[in-house]
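Me: I'm new to this one and would like to know what stands behind the labels people use. Can we go through a few?

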Amino acid sequence: MRIFKITICTLLIFSLLFSTVGCTDSDGDYPVTIGNTTFDESPEKVAVVSPNVADIIDCIGYNTKVALVSDQVLTESYKNTEKCGNNIDPDVDKIIKSGATVVMADDNVSDGTIKKLEESDIKVVQFHYGNTKEDVKTTYTSVGSILNGKEGKKKAENACNTLFNYLDTYYQEAKKKNSQKFLMYVSGTGPLATVIEESWYNTILGYSGTKVIRGSLNNPTVSVGEIAEWNPDFLIYDKNTYNSLKNRSALKKCKFLAKGGNLRLDKDYLKLQGTTAVENIRKIISLYDKDAVEKADQIIKNRGTETTVNTTTSTTAVKTSATGKTTSTVATSVADNSKSEKTSSTAQSTTTATKATSTTTPQTKYELQSKYNVSFTESAIDSMKKDKENKYIKAMQQRLSHLGYIDEHYITGYLGDLTIAAIKKFQKANELDEDGKVNSKLLEKLFSKDAKKYS
């Protein structure tokens, strides 16, 4: 088992990352609007309860504005920053006393927390978790705009471009010797889960320079027998997972055990999209090609302030089919090799958000709707459009998940391309017009007892 620590070289790379994005901290040009909220000035203090947003702020270089962070924030630079409890129900009184005027959170922060903060005139901005490069860039620019207006947005864009430039540099060096080797990431203790295409985990592992073994949306789990059959050269695993694998007789002859090609990297770290993303890819490649890391480090050092990102590269991933067999698929553009459902990363403001209310009498033809705590009125159905987010969409996603058309990871309440694709599959299986649109005919069939499961 190998657990890496930050090296001096890593610190040098991160210092270069900060220097390339500039150090100007002017008030920028306000007002700026993010989601439904307008910011009239740069906040002097913010509380960040989202681990990912905290990591992104570290990458942009606005750490000095962060007064408090949640206990879940893992980024090294915040180890001495005052904590405000967990990221779902943080200590509101502590946030108020800190003088923070903005709270940056994930979309799982509790409604009670939001209400208390808003009552104290503290703006709460919730960020969806992005899976693709474009999603991540949107999060960066939203964060930068809030913190320092147009100047902050520009600084954030440069930081994001530099981040992906660095990731691509490591990829280019690693693939020279490792493009035909197989890497797998697993988490959990039973059932085991691997990465799926529509995820940031797949995006970041795509920079490893290897062939990434991944699951499908409808079958993200993997058995010990399947791991043995694939026999990956390298295995990256979450905490607790390794102990459940190391003594399995079926795996004793696997390459990753025989050659020491295994590394613990917890999912909570792997999902971060700021400075930790660079640290993660360096750890992974160092497992099997330290020379590639050293060469990439030197290239980055020599490059200095260059921030152009190469997104024309490609990598091969191994995708598991619904039957457990593998098929080779090419993920075009390493930086863009996953399509996001949820996660247009656009900051969704909760300070002025309004909830859709029903104005008509609930229809009774959706026989299972009560189990999902919704009533599909005409106004409710009309609100279920692409790029919208509400409880009716979430209920539809839950039903699609229960029938096997979409993974539960994507039950977000946001209607994006992945949900539309799932709708089309359901429509095809249930002999409806395959148009991906949400209407009463679709919902009547979906929420009926005779709706067909995915097969």
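Reply: Sure, let's start with "buried": a residue is buried under 20% relative accessible area, exposed over 50%, and partly exposed in between, using a 1.4 Å probe and protein chains only. By that rule, buried residues make up 54% of the 455 residues in the protein chain. This is a predicted model, where local features need pLDDT of at least 70, side-chain atom pairs count only at pLDDT 80 or more, and totals for chains, interfaces and linings use all residues. Residues are numbered from 1 along each chain as its sequence is written, and side-chain values use heavy atoms, leaving out hydrogens and water.

Me: Why does Thr113 count as buried?

Reply: Thr113 has 4% relative accessibility, so it counts as buried, the cut-off being under 20%.

Me: Which residues does Thr113 touch, not counting those up to four places away in sequence?

Reply: Ile88, Asp89, Pro90 and Val92; contact means heavy atoms within 4.5 Å.

Me: What makes H14 and H15 oblique to each other?

Reply: The axes of H14 (residues 391-402) and H15 (residues 417-429) cross at roughly 55° and come within 11 Å. Axes are lines fitted to C-alpha atoms, for helices over the stretch in contact, with angles from 0 to 180 degrees between N-to-C directions. Under 35 degrees is roughly parallel, over 145 roughly antiparallel, 65 to 115 roughly perpendicular, and the rest oblique. H14 and H15 are therefore oblique.

Me: Which residues make that contact?

Reply: Met396, Gln397 and Leu400 of H14, with Thr419, Ala422, Ile423 and Phe426 of H15.

Technical notes: Helix = DSSP H or I, 4+ residues; strand = E, 2+ residues; numbered from the N terminus.
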